[in-house]
Amino acid sequence: MATFSRTTFNSSLYRSFRPVYSKTTYDLIYEYHKQKGGKFNVALDIGTGTGQVATVLAETFAKVHATDLSEKMLQAADKRPNISYSACPAEKLPFEDKSVDVITTAQAFHWFKHDQFFEEAKRVLKPNGTIAIIGYEYARIRESKQASSLIRKIGLETFGDYWDSGRKILENLYRDIPIPYPNTTYYFSPGDADITNIGNPTPETIMEKVMTLEAFKNYMHTWSSYANYMKEHSEDPVDSMMNEIAKLLNADNLEKHLVTVEWPAVLILTTPQ
Ligand SMILES: C[S@@+](CC[C@H](N)C(=O)[O-])C[C@H]1O[C@@H](n2cnc3c(N)ncnc32)[C@H](O)[C@@H]1O
């Protein structure tokens, strides 16, 4: 997966404007792991990006390994004394057999070679260890179905050809990737990826955030497809989309107008056997 590895990719923007996962998400992961008698010594976050998940794991686990293919993302990652970052593929991990309690991977699983990833994950996990996989789809603005449709449209149509291959799998929130272990648990929130059930957060809401429209615009600029598109075009389609959204919401100042952004998301919890 090339875009995030490119030296020109704006990893600092990514660190500042990508949303983070809810406390509920971590509670669900920890509860699942605890119920199997799991320990909280070593966690491994794969495809860590700029450390969105690793920094939260570092509050609970004694030691966190965080890995990514992209040196550029790791350079911008949040540093913590108990996190060690390393550049390596998900399919070949530089860790000992049976050395990790919990593996997480957020918004990255769709880029992996799944069979090889599961083989490696099984090898490095301690017996009965946990794999937690998170993915999310195009954002929605809870206050407006029309605005949400515009966001989905820009992702599917304007940027459709500018996603690296693999991203399509996310549109069905990983339902099409078989998880090779029984006892796999899925949480979908706030529901399906289309906009029919917008504004119905579930108790297991994985990701939502109140933000200004300006911050939302900055978030849109962290999309890898946006970076790819802008290499070939001079006009920014996110700007025109934001103007339309501002009109729909009667917002005259993007920096002041607050909206609730929700991401249809999935959390998969499983145990290699
Ligand atoms: C969208 S970012 C997600 C970052 C962060 N986990 C988050 O939740 O925001 C996807 C990351 O996966 C990394 N990645 C893609 N393919 C990978 C692979 N095969 N092995 C390890 N990392 C990979 C990319 O370099 C990128 O940093």
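This passage walks through the pockets of a predicted model and the surroundings of its ligand.

Start with the open space in the protein. The largest pocket comes out at a volume of about 560 Å³. A total of 38 residues line the largest pocket, and those nearest its centre are Phe4, Gly47, Gln107, Ala108 and Trp111. Sorted by class, that lining is made up of 22 nonpolar residues, nine polar ones and seven charged ones. As for where the largest pocket sits, it lies between domain 1 (3–136 + 265–270) and domain 2 (140–164 + 190–262), because both domains give residues to its lining.

Next comes the second largest pocket, which holds about 160 Å³ of space. Its lining runs through Thr3, Arg6, Thr8, Phe9, Asn10, Leu13, His221, Tyr226, Ala227 and Lys231. Helix 8, covering residues 224–232, supplies the largest share of that lining, with three residues. In terms of class, the lining of the second largest pocket splits into four nonpolar, four polar and two charged residues. Here too, domain 1 (3–136 + 265–270) and domain 2 (140–164 + 190–262) both chip in with lining residues, so the second largest pocket lies between them.

Then there is the ligand. It is surrounded by 21 residues, and Tyr14, Tyr21, Gly47, Asp68 and Ala90 are the closest of these. Gly47 is a name to keep in mind: Gly47 is among the residues nearest the centre of the largest pocket, and it also turns up among the closest residues to the ligand.

The protein backbone meets nitrogen atoms of the ligand at several points. At Gly47, a polar backbone atom is 2.8 Å from a ligand nitrogen. At Ala106, a backbone N or O atom lies 2.9 Å from a nitrogen atom of the ligand. At Leu69, a backbone N or O atom is found 3.3 Å from a ligand nitrogen. As for how much of the ligand is covered, the ligand taken alone exposes 600 Å², and the protein buries 98% of that area.

Notes. Residues are numbered from 1 along each chain as its sequence is written. This is a predicted model: local features need pLDDT of at least 70, side-chain atom pairs count only at pLDDT 80 or more; totals for chains, interfaces and linings use all residues. Side-chain values use heavy atoms; hydrogens and water are left out. On a 1 Å grid over the protein atoms alone, a cavity is a set of points where a 1.4 Å probe fits but cannot get out, and a pocket is an open set with protein on both sides within 12 Å along at least five of seven lines; lining residues have an atom within 4 Å of a point. Grid points are joined across faces, edges and corners, and a volume is the space filled by probe spheres set on the points. Ala, Val, Leu, Ile, Met, Phe, Trp, Tyr, Cys and Pro count as nonpolar, Asp, Glu, Lys and Arg as charged, and the others, Gly among them, as polar. Domain bounds come from an automatic or database domain assignment. Helices (H or I, at least four residues) and strands (E, at least two) are DSSP runs, numbered from the N terminus. A residue is near a molecule or strand if one of its heavy atoms lies within 4 Å of it. A polar contact is a pair of N or O atoms within 3.5 Å; within protein, one must be able to donate a hydrogen and the other to accept it, and residues adjacent in sequence count only if both atoms are side-chain atoms. Accessible areas come from the Shrake-Rupley method with a 1.4 Å probe; for residues, only the protein chains shown count as cover.
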